[in-house]
Amino acid sequence: MHGFSAVLALVAGLMRVSAEAAVVSTSAQAAAQETIEAVSRRRRTLVGSSYFRVPAEIQREVEAYAVEQRSAMEAAGGCIHGGVSGIPSPFERLMLPAGWHLLGEVLACPALPGYWTSERVALEWWRSPQHRRIAYGKPSASHLACSWVRQGLMGASRDSVLCLVFKASGGGSGQP
């Protein structure tokens, strides 16, 4: 099983993933930024605006949460959003500065390295009504933070992508 079918099988809990050390590398950070840009391009067609990057302190929170979430997801044996099956909820886990509000979480389930690209992530979320609503359809959303996590060793590694959608009010800003 491969491609989007494998992702759906992971979401449905029909496939298991192994629990091993997680990595957020420099290349993963670049891929996360490319994902923000790819999602922003599609979002402009729906609501007319792009996302800004979150400040560094929020990005660090998101990356730490993504690693925790991925480890919990692997321990649970499937691809599950935060807040269920013992996986921490980003709404409870993240410590956000005043004026920042988390609006939603979208996830690209673990797949073999090379399957997920920033454009594929953006396209699959665009095609899914629920993901589209969260990632693209919230006009009040202003910022997107993404983290790519590679987990597993010796040819069994998997990449997953987690993005969180934010609204910043008041002094909350960021960079396009």
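What percentage of the 176 residues of the protein count as buried? In this predicted model, the share is 47%. The accessible surface of the protein comes to about 8300 Å², and carbon and sulfur atoms hold 56% of that area.

The secondary structure consists of six helices and four strands, arranged along the sequence in the pattern α-β-α-α-α-β-α-α-β-β. As for how the chain meets itself, 75% of the contacts with a separation of 6 or more are made by residues 24 or more positions apart.

Helix H3 is a good place to look next. H3 covers residues 56-76, 21 residues in total. At 1.5 Å a residue, a span of 30 Å is expected for H3, and the C-alpha atoms at its ends are indeed 30 Å apart, so expectation and model agree. Along H3, the buried residues are Ile58, Gln59, Val62, Glu63, Tyr65, Ala66, Gln69, Arg70, Ala72, Met73 and Glu74. In reading such a list it helps to recall that an α-helix has 3.6 residues a turn, so residues three or four places apart point the same way. After H3 comes glycine 77, with a positive phi near 85°.

A single side chain in helix H2 rounds off the picture. Serine 40 sits within H2, which runs over residues 26-47. The relative accessible area of serine 40 is 4%, and because buried means under 20%, this residue counts as buried. Leaving aside residues up to four places away in sequence, serine 40 touches Ser49, Ser50 and Tyr51.

How values were computed
Residues are numbered from 1 along each chain as its sequence is written. This is a predicted model: local features need pLDDT of at least 70, side-chain atom pairs count only at pLDDT 80 or more; totals for chains, interfaces and linings use all residues. Side-chain values use heavy atoms; hydrogens and water are left out. Helices (H or I, at least four residues) and strands (E, at least two) are DSSP runs, numbered from the N terminus. The expected span of a helix is 1.5 Å times one less than its number of residues. Buried means under 20% relative accessible area, exposed over 50%, partly exposed in between (1.4 Å probe, protein chains only). Contact means heavy atoms within 4.5 Å. Accessible areas come from the Shrake-Rupley method with a 1.4 Å probe; for residues, only the protein chains shown count as cover.
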